[in-house]
Amino acid sequence: MVEDLGKDFCRAADDLAEGASLNPKKMWAEVDADHYDLNTCMREAIVVFKSFLIALPESQLAAFQNALYQQSQLQEAGVPSHQRVISHRRMTAIAGK
């Protein structure tokens, strides 16, 4: 969703900047709506991430931090990583929640 919104936002912004839009008022409304949706997605992701960090057992915090560090170092170096240190999976149940 975020990728699609980002593409739409960039396309609309480019059209507005080049004066290529046939209906600038409608295009500005699109840019405004896309900005709102992108901002909402980001804020929701922050809430989910904070919840994850609160629920993460302290014994796993160092491993999580190391995994993030390793992945960020590979990205900064421009090295493609075939190893997925953090993978998509179902969230584990939290006792009492």
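Which residue just after α1 takes a positive phi? That's G19, with a phi of about 75°. Keep in mind that this is a predicted model. The chain is built from three helices and zero strands, so reading from the N terminus you go α-α-α. Here's a quick tour, with most of the stops in and around α1.

**The chain as a whole**
- Of the 97 residues in the chain, 11% are buried.
- About 8500 Å² of the chain is exposed, and 58% of that comes from carbon and sulfur atoms.
- Take the contacts between residues at least 6 apart in sequence: 33% of them join residues at least 24 apart.

**Helix α1 and its two faces**
- Helix α1 covers residues 2–18, which makes 17 residues. From its first C-alpha to its last, α1 reaches 24 Å, close to the 24 Å expected at 1.5 Å a residue.
- L5, A12 and L16 are the buried residues in α1. They sit on the same side of the helix, because they cover an arc of only 40° around the axis.
- What does that buried side look at? The buried residues of α1 pack against α2, which runs over 24–55.
- Flip to the face turned away from the buried side and you meet exposed residues: E3, K7, A17 and E18.

**Salt bridges**
- The count of salt bridges comes to two.
- One of them joins the side chains of K7 and E3, at 3.3 Å from N to O. These residues are four apart in helix α1, so about one helical turn separates them. As a reminder of the geometry, an α-helix has 3.6 residues a turn, so residues three or four places apart point the same way. Both K7 and E3 are exposed.
- The side chains of R11 and E30 also meet in a salt bridge, at 3.4 Å from N to O. R11 belongs to helix α1 and E30 to helix α2, so this pair ties together parts that are 19 residues apart in sequence.
- How exposed are the two partners? R11 is partly exposed, at 38% relative accessibility. E30 is partly exposed too, with a relative accessible area of 27%.

**The loop between α1 and α2**
- S21 is a residue to look at in the loop between α1 and α2. Is S21 buried or exposed? It counts as buried, because its relative accessibility is 15% and the cut-off for buried is under 20%.
- A polar atom of the S21 side chain lies 3.3 Å from the backbone nitrogen of N23.
- Leaving out residues up to four places away in sequence, S21 touches D15, L16 and M27. Of these, L16 has already come up as one of the buried residues in α1.

**Helix α3 and what follows**
- Helix α3 takes in residues 58–77, 20 residues in total. At 1.5 Å a residue α3 should span 28 Å, and its end C-alpha atoms are 30 Å apart, which agrees.
- Just after α3 comes G78, with a positive phi of about 75°. Recall that G19, just after α1, also takes a positive phi of about 75°.

How values were computed:
Residues numbered from 1 in each chain as written. Predicted model: local features only at pLDDT ≥ 70, side-chain atom pairs only at ≥ 80, totals over all residues. Heavy atoms only, no water. Helix = DSSP H or I, 4+ residues; strand = E, 2+ residues; numbered from the N terminus. Buried < 20%, exposed > 50% of the residue type's maximum accessible area, 1.4 Å probe, protein only. Contact = heavy atoms within 4.5 Å. Areas by Shrake-Rupley, 256 points an atom, 1.4 Å probe, with all protein chains shown as cover. Expected span 1.5 Å × (residues − 1). Arc of directions from axis to C-beta. Salt bridge = Lys/Arg side-chain N within 4 Å of Asp/Glu carboxyl O. Polar contact = N/O pair within 3.5 Å; in protein donor to acceptor, adjacent residues only side chain to side chain.
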